[in-house]
Amino acid sequence: MDLPSIWFGVLAVFFIGYFVLDGFDFGVGMALPFLGRDDVDRRVMINTIGPVWDLNETWVIVAGAAMFAAFPEWYATLFSGFYLIFLAILLALIVRGVSFEYRHQRAELVWKRRFDRMIVIGSAVPAFLWGLVFANVVRGVPLDAGFNFTGSLLDLFNPYAMLGGVTTLLLFFTHGVVFVALKTDGPIRQRARRLASRAGLLTIVVAAVFLVLTTVLFGTVVSGILSAVAAVALIGSYLANHRGAERWAFALMAATIAFAVLSLFVSLLPDVMPASNNPAHSLTVENASSSTYTLTIMSWVALVFVPLILLYQGFTYWVFRKRLSRATITGVPGGRTGGGPG
């Protein structure tokens, strides 16, 4: 296997890491109005992701930097053609991050509710748009001979891409609700399990339609197998949640997202961005990649730093592994008396 193909696989791993980790962050944010019956409940939910959300978000920075260095032609075409979509994602992530930091700066409920709404919007918008982006990449977009996007913004909001956006929105929502059930205790944990069951049924139906369409229209035998594994994992997560096995439910939801994203990357090969108007204008793994020298240097850097990043992130999750409840929130009767993020 040559270096461009290896780095295409590495890039797939980076995006899988981002969607699995920031995916449940998005889900927790979107679930605030459904599970948070009062400010204390919402503080508990936010605290489940408080120590890790910004670390999870770094995966998209790593993925973007790797794409820029390993596949500059792909990066240029994607970010120039989809720049309004990526701008909306960036603004939503900024709004979400600011809201996490500012909602607790004042005690008024009106102040907090405004930032809670911003958290919901800042979570839902990227969850939908990321699916829209990747569905369009798999479907293909009009490109000229210089690999420039020649379509319009409205072309990106086609029915297939919209279905992809709804699929990621529901997957991340269910993933986040399952995470809340895993990380909390008490009534909010029970409500999260019930909501995960209801959301899980809708997610199974929508995801099945999208994966079947993708396999039939754009897939290969291998991508079809990966899609089937994702579907089985999603059903397994639903059943595990129904039985109260939260760790299994969360692990299987993570596997669902991982195999679904991997199936999309596999269905692209040998292209990285198909041209819907003329196959000769398509960007491939070979014509979009950097030089062998650049990819070799990147490989050595990745061999050193990626394991360190994984170790650090694993350590962070281990430190903050305990369940949270209303009793862990400061300033609440029966809660802890020390300071903290809540």
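**Close-up views of a predicted model**

**Figure 1.** Arg326 is partly exposed, with a relative accessible area of 35%. The view comes from a predicted model and is centred on the contact between Arg326 and Asp41. The side chains of these two residues meet in a salt bridge, with 2.8 Å from N to O. Asp41 belongs to helix α2 (residues 39-49) and Arg326 to the segment after α12 (292-319), so the pair ties together parts that are 285 residues apart in sequence. Asp41 has a relative accessibility of 5% and therefore counts as buried. Across the model, the count of salt bridges comes to 13.

**Figure 2.** Asp116 and Arg103 form a salt bridge, and their closest N and O atoms are 2.7 Å apart. The pair links distant parts of the chain, as Asp116 is in helix α6 and Arg103 is in the loop between α5 (83-102) and α6, 13 residues apart. Asp116 counts as buried because its relative accessibility is 6%, where the limit for buried is under 20%. Arg103 also counts as buried, at 3% relative accessibility. Both residues take part in a network of salt bridges that links Asp39, Arg42, Arg103, Lys112 and Asp116.

**Figure 3.** Glu108 and Arg106 form a salt bridge in which the closest N and O atoms are 3.4 Å apart. Glu108 counts as partly exposed, with a relative accessibility of 41%. Arg106 is partly exposed, and its relative accessible area is 41%.

**Figure 4.** Phe24 and Phe250 belong to the aromatic contacts of the model. A search of the whole structure gives 33 aromatic pairs. In the pair formed by Phe24 and Phe250, the ring centres are 5.6 Å apart and the planes meet at 70°, an edge-to-face arrangement. Phe24 sits in helix α1 (residues 3-35) and Phe250 in helix α11 (residues 246-268), so this contact ties together parts that are 226 residues apart in sequence. Both Phe24 and Phe250 are buried.

**Figure 5.** The rings of Phe134 and Phe265 form a tilted pair. Their centres lie 5.8 Å apart and the angle between their planes is 50°, so the pair is classed as tilted. Phe134 is part of helix α6 (residues 109-139) and Phe265 is part of helix α11, so the pair ties together parts that are 131 residues apart in sequence. Phe134 is buried, with a relative accessible area of 11%. Phe265 is buried as well, with a relative accessible area of 2%.

**Figure 6.** Arg321 lies over the face of Trp318. The distance from Arg321 to the ring centre of Trp318 is 3.8 Å.

**Figure 7.** Two of the annotated transmembrane regions are shown, residues 119-141 and residues 195-218. The feature comes from an unreviewed UniProt entry, which also places transmembrane regions at residues 6-32, 74-98, 161-183, 224-241, 248-269 and 297-320. In the model, residues 119-141 are 91% helix and 0% strand, and the end C-alpha atoms of this span lie 32 Å apart. Residues 195-218 are 100% helix and 0% strand, with 33 Å between the end C-alpha atoms.

Definitions and conventions. Residues numbered from 1 in each chain as written. Predicted model: local features only at pLDDT ≥ 70, side-chain atom pairs only at ≥ 80, totals over all residues. Heavy atoms only, no water. UniProt positions renumbered as here; feature names shortened; annotations may be inferred. Helix = DSSP H or I, 4+ residues; strand = E, 2+ residues; numbered from the N terminus. Phe/Tyr/Trp six-rings, centres within 6.5 Å; stacked < 30°, edge-to-face > 60°. Buried < 20%, exposed > 50% of the residue type's maximum accessible area, 1.4 Å probe, protein only. Lys NZ or Arg CZ within 6 Å of the ring centre and 35° of its normal. Salt bridge = Lys/Arg side-chain N within 4 Å of Asp/Glu carboxyl O.
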